[in-house]
Amino acid sequence: MNKPLRILGIDPALRKTGYGIIESNGTSTRLIDFGVIVTEHADQARKLRSIYERLLSIIQEYSPEHVAMESIIFVQNRKTAIDMGAARGVALLLFSLKELPVFEYSPRKIKMAATGKGSARKEQVSFMIRALLAMDSLPPLDAADALAVALTHVHHFWQLPKVYDFLP
């Protein structure tokens, strides 16, 4: 049996950064924690500091061995792209300082791994994450996305079949 690997999944955004922590040995996966880092400050610098500080406390509390993160996506709105890039940059800096390996996956690959459909809506991802991790209720959408990123990494790291491999 493989040694369990603890993975921190991140769905970075300036206002709501989703995170999820799972542990997997390639045979079984268990949910450790999840949530959304909500930044309510008016200025960007304080929002970025909040993201940094909360992610730092999560790393210190749960000691993940890998980080899985959603890669950059095409965004039509320039401000959204800049804000998302800033949140990603702060997270990547922190992970680098903590010498955590970061693995990035495209939104399409994440949705495909979680639901079997690369164009799935956030609600569909949340529904499948609840089922896959045997959760009592639907996780918040941003946290579900982060958990889906972590599960995508589990499948790639352990070379497991994807959910859609079992669909008719």
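1. Cavity. In this predicted model, the structure holds one cavity of 30 Å³ or more. The volume of the largest cavity is about 30 Å³. Its lining consists of I110, A113, A114, I129, L132, A148, L151, T152 and H155. Sorted by class, the lining of the largest cavity has seven nonpolar residues, two polar ones and no charged ones.

2. Which helices line the cavity. At least two lining residues of the largest cavity come from each of α3 (107-115), α4 and α5. Of the elements that contribute, α5 gives the most, with four residues. In the residue numbering, α4 covers 122-132 and α5 covers 141-158.

3. The sheet. Five strands form an open sheet, in the order β3-β2-β1-β4-β5, and the pairing is mixed. The edges are taken by β3 (29-38) and β5 (102-105); each has a single partner strand, so one side of each is left without a neighbour in the sheet. From one strand to the next, the twist averages 20 degrees. As background, strands of a sheet pair through backbone hydrogen bonds, in either the parallel or the antiparallel sense.

4. Pairing of β1 with β2. These two strands run antiparallel and are joined by seven bridges. The connection between β1 and β2 is a hairpin of four residues. Within this pair, I7 stands opposite I22 in β2.

5. Pairing of β2 with β3. Strand β2 (residues 16-24) pairs with β3 in the antiparallel sense, over nine bridges. I22 also has a position opposite L31 in β3, and S24 stands opposite T29 in β3. Here too the two strands form a hairpin, with four residues between them, and G26 in the turn has a positive phi of about 95 degrees.

6. Pairing of β1 with β4. Here the sense is parallel, and four bridges connect β1 and β4. L8 of this pair stands opposite V67 in β4.

7. Burial of β1. How many residues of β1 are buried? Seven of its seven residues are, and the strand is described as mostly covered. Both faces are covered: L5, I7, G9 and D11 are buried on one side, and R6, L8 and I10 are buried on the other. Two of the residues named in the pairings above, I7 and L8, thus appear on opposite sides of β1.

8. Helices on the sheet. Helix α1 (residues 44-62) lies across β1 (5-11), β2 and β3, and runs at about 160 degrees to β3. Helix α2 (residues 78-97) also packs on the sheet, where it touches β1, β4 (66-70) and β5. The direction of α2 makes about 165 degrees with that of β4.

9. L92 in α2. L92 has its place in helix α2. Is L92 buried or partly exposed? With a relative accessible area of 28%, L92 counts as partly exposed, because buried means under 20%. Apart from its neighbours within four places in sequence, L92 is in contact with M69 and V102. M69 falls within the range of β4 (66-70), and V102 within that of β5 (102-105). The C-alpha atoms of L92 and I129 are separated by 25 Å, and the two residues are 37 apart along the chain. I129 is one of the residues lining the largest cavity.

10. Positive phi at S63. Most residues other than glycine have a negative phi. S63 is not a glycine, yet its phi is positive, at about 45 degrees. S63 is found in the loop between α1 and β4.

11. Positive phi at A134. A134 is likewise not a glycine and has a positive phi, of about 50 degrees. Its location is the loop between α4 and α5. Is A134 buried or exposed? A134 is exposed, with a relative accessible area of 66%.

Note on methods: Residues numbered from 1 in each chain as written. Predicted model: local features only at pLDDT ≥ 70, side-chain atom pairs only at ≥ 80, totals over all residues. Heavy atoms only, no water. Pairing = 2+ DSSP bridges. Axes fitted to C-alpha atoms, helices over the stretch in contact; angles between N-to-C directions. Contact = heavy atoms within 4.5 Å. Buried < 20%, exposed > 50% of the residue type's maximum accessible area, 1.4 Å probe, protein only. 1 Å grid on protein atoms, 1.4 Å probe; cavity = no way out; pocket = protein on both sides within 12 Å on 5 of 7 lines; lining within 4 Å. Points joined across faces, edges and corners; volume = space filled by probe spheres on them. Nonpolar A, V, L, I, M, F, W, Y, C, P; charged D, E, K, R; others polar.
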